[in-house]
Amino acid sequence: MSGLDILPTLEARGLLTPDEAAQVREAAAERGVSALEALRGLALADDREVSRALAEAYGLEWIGEIRTAEVPAAWVRRVPISFARRHRCLPVEEDGERIVVAVADPTDTRVLHDLRVLFGRPLRAVVAPSAALEQAVNRVYEEGSDRAEEIMEELAEGSLEGLAQELEEPRDLLDAAEEAPVIRLVNGILFQAVKDRASDIHIEPFERELQIRYRIDGVLYPVLTPPKALQAPITSRVKVMAGLDIAEKRLPQDGRIRIKIAGKDIDIRVSVLPTAHGERVVLRLLDKSAVLLDLEQLGLEGERLEAFKNLIRKPHGILLVTGPTGSGKTTTLYAALSRINSRDVNIITVEDPIEYQLQGIGQIQVNPKIDLTFAAGLRSILRQDPDVIMVGEIRDAETAEIAIQASLTGHLVFSTLHTNDAAGAMTRLVEMGVEPFLVASSILAVLAQRLVRVLCPACREAYDPPAGALEELGLDPSFAGPLYRPVGCPECRHTGYRGRTGIYELLSVDDAVRELVMQRANSVSIKEAGRRSGMITLREDGARKVAAGITSAEEVLRVTQDEVL
């Protein structure tokens, strides 16, 4: 609780009415918190204006933003992150002998007293908005947290006995400064992976060493090589976190970890596989706090974006998204569902696994152990009166036929297939045993896609392409503009790339394509018919993004090398 009542000050400055002040007092008494905390929860006044008014009332300096790059790391390390978060305080600079501390509530004298004792130095308080302080605390402690390499150096000097002990999991990995070294090492590996935007962590045992690699923007990079002696403690620690059997080392195991890192909710799928040199562990990271991409952010552009928007609003039919594993198919479908999601539309999905929770959409997790397969889930969904259905993947003829029947009875169905291009999806369904006339009458369109890495804007460089490069890529030989290639800098971990975008091939099923499907034509013939109708291939869409300086020629050729032009 605060030492002084701030509400008369806020009333006098017109930021609260008497009724609102009474409401705040009542909420503070019920929750046992300060008036400022209660006010923040009720959101009755602007956070910045409240903090500015408090600073003026108590004759203190007000700062609207905190420059985290100037925050003194040595003093931050003395303050536990839990204390900084709970009391919304942060040392921001040194002023001679005094430490300047930013606080949200200048009336809470106990916090300033505790920091004065902790630092052993006089303090000067400044007031900052609560939200700005919360963001700065997360950012500063994230940047100052132990890196995996630093923890490795500490481990080299210590004993390995008892490092794999099972301890209570901290609420946030940044709070875990005093844990056992191997626990800190695993936390450091997870933290650094999130910081580096990794989608997967590979912990791979070999005969004489242990290698840890991150998959960033679709490519694996080695990041750490711990000694072989740490293999068992690291694996055991991951198993404990995932709720797996640490004694079972002969059979594959799958588990899940839910943690919070620097305020982000991270869901981790864990796979443990026994190999000749020990257990291999792969962790797939999903940032549950990440905002789902909108259709315009996926890389679809122009006429194809408008065509796709029209397709996802059709009353019935099947829309397929194809591509290899990790090509962003599920992200595209989630973006499409988010676009059409509304109170008057009943959307149900059956997925394996459910990667992101979608508000207002019924999502079913496949569970083969109890015979809840895609086909069984889809059959049950049809009894739930859906308007739109998403099937995570069409893996067999049974699932394909139920999806087709659903589309023919007035449902819009989204699903994915593993094929190299859009035309291949039509022939794949026929090869599964689905009658060609059913395929031809139910499929609205097929969207094939790949993910290409985006050139780092901070370090990409222009160059004149060599002879033949434009032709290989499919660009007009008369193209006069420069192309760009990766260089590498600290911002992109010296890879030359930062982030990914999609390249797409949208095959709309018209009369010509339907006729070819009915004739059981091959995918090459179907693709040619699509191109005659104006379809842009994956390679051609990639070439456009190369010409626009978004990605490199090498990147497009890498992901479209199996394409037959």
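These are my notebook entries on the backbone and the helix packing of a predicted model.

**Entry 1: the whole chain**

I began with the chain as a whole, and I counted 22 helices and 19 strands in it. The C-alpha trace spans about 85 × 65 × 60 Å along its principal axes. I then looked up burial and found that buried residues make up 50% of the 565 residues. For the contacts with a separation of 6 or more, I noted that 63% are accounted for by residues 24 or more positions apart.

**Entry 2: the peptide bond before Pro353**

Most peptide bonds are trans. I looked for exceptions and noted a cis bond that joins Asp352 and Pro353, with omega at about -5 degrees. I placed Pro353 in the loop that runs between strand S12 (347-351) and strand S13 (362-365).

On the other side of S12 I looked up Arg343, which lies in the loop between helix H13 (329-340) and S12. Arg343 has a relative accessible area of 90%, and I therefore recorded this residue as exposed, the cut-off being over 50%. I also checked its distance to Gly360: the two residues are 17 apart in sequence, while their C-alpha atoms are 7.9 Å apart in space.

**Entry 3: helix H10 and Arg197**

Does the length of H10 agree or disagree with the span expected at 1.5 Å a residue? For its 15 residues I expected 21 Å, and I found the end C-alpha atoms 20 Å apart, which agrees. I then looked at the surroundings of this helix: 13 of its 15 residues are buried, so H10 is largely enclosed by the rest of the structure.

Just after H10 I came to Arg197, which takes a positive phi of about 65 degrees. I noted this value since the residue is other than glycine, and most residues other than glycine have a negative phi. Arg197 is found in the loop that leads from helix H10 (181-195) to strand S5 (198-205). With a relative accessible area of 32%, Arg197 falls between the cut-offs of 20% and 50%, so I entered this residue as partly exposed.

**Entry 4: Arg520, between H19 and H20**

I found another positive phi at Arg520, near 55 degrees, again in a residue other than glycine. Arg520 sits in the loop between helix H19 (511-518) and helix H20 (523-532). Is Arg520 buried or exposed? Its relative accessibility is 55%, and because the cut-off is over 50%, Arg520 counts as exposed.

**Entry 5: H19 against H20**

Two packed helices are described by the angle between their axes and the distance between the axes. I looked up both values for the helices on either side of the Arg520 loop. The axes of H19 and H20 come within 9 Å and cross at roughly 170 degrees. That angle is over 145 degrees, so H19 is roughly antiparallel to H20. From H19 the residues Val513, Leu516 and Val517 meet Ser525, Ile526 and Ala529 of H20. Sorting the residues of this contact by class, I entered five nonpolar, one polar and no charged.

**Entry 6: H16 against H20**

H20 has a further contact in my notes, with helix H16 (residues 422-432), where the axes come within 8 Å and cross at roughly 135 degrees. The two helices are therefore oblique to each other, and I recorded their crossing as right-handed. Ala423, Gly424, Met426 and Thr427 are the H16 residues that meet Ser523, Ile526 and Lys527 in H20. By class, I divided the residues of this contact into three nonpolar, three polar and one charged. I noted that Ile526 of H20 is named here and also in the contact with H19.

**Entry 7: H14 against H15**

Which way does H14 lie relative to H15, roughly parallel or roughly antiparallel? The axes of helix H14 (residues 374-381) and helix H15 (residues 397-408) come within 8 Å and cross at roughly 20 degrees. Because angles under 35 degrees count as roughly parallel, I recorded H14 as roughly parallel to H15. H14 passes H15 in a left-handed crossing. The residues that make this contact are Phe374, Ala375, Leu378 and Arg379 on H14, with Glu398, Thr399, Ile402 and Ala403 on H15. I sorted the contact of H14 with H15 into five nonpolar, one polar and two charged residues.

Note on methods. Residues are numbered from 1 along each chain as its sequence is written. This is a predicted model: local features need pLDDT of at least 70, side-chain atom pairs count only at pLDDT 80 or more; totals for chains, interfaces and linings use all residues. Side-chain values use heavy atoms; hydrogens and water are left out. Helices (H or I, at least four residues) and strands (E, at least two) are DSSP runs, numbered from the N terminus. Buried means under 20% relative accessible area, exposed over 50%, partly exposed in between (1.4 Å probe, protein chains only). The expected span of a helix is 1.5 Å times one less than its number of residues. Axes are lines fitted to C-alpha atoms, for helices over the stretch in contact, and angles run from 0 to 180 degrees between N-to-C directions. Angles under 35 degrees count as roughly parallel, over 145 as roughly antiparallel, 65 to 115 as roughly perpendicular and the rest as oblique. A crossing is left-handed if the near helix is turned anticlockwise from the far one by less than a right angle, and right-handed if clockwise. Contact means heavy atoms within 4.5 Å. Ala, Val, Leu, Ile, Met, Phe, Trp, Tyr, Cys and Pro count as nonpolar, Asp, Glu, Lys and Arg as charged, and the others, Gly among them, as polar.
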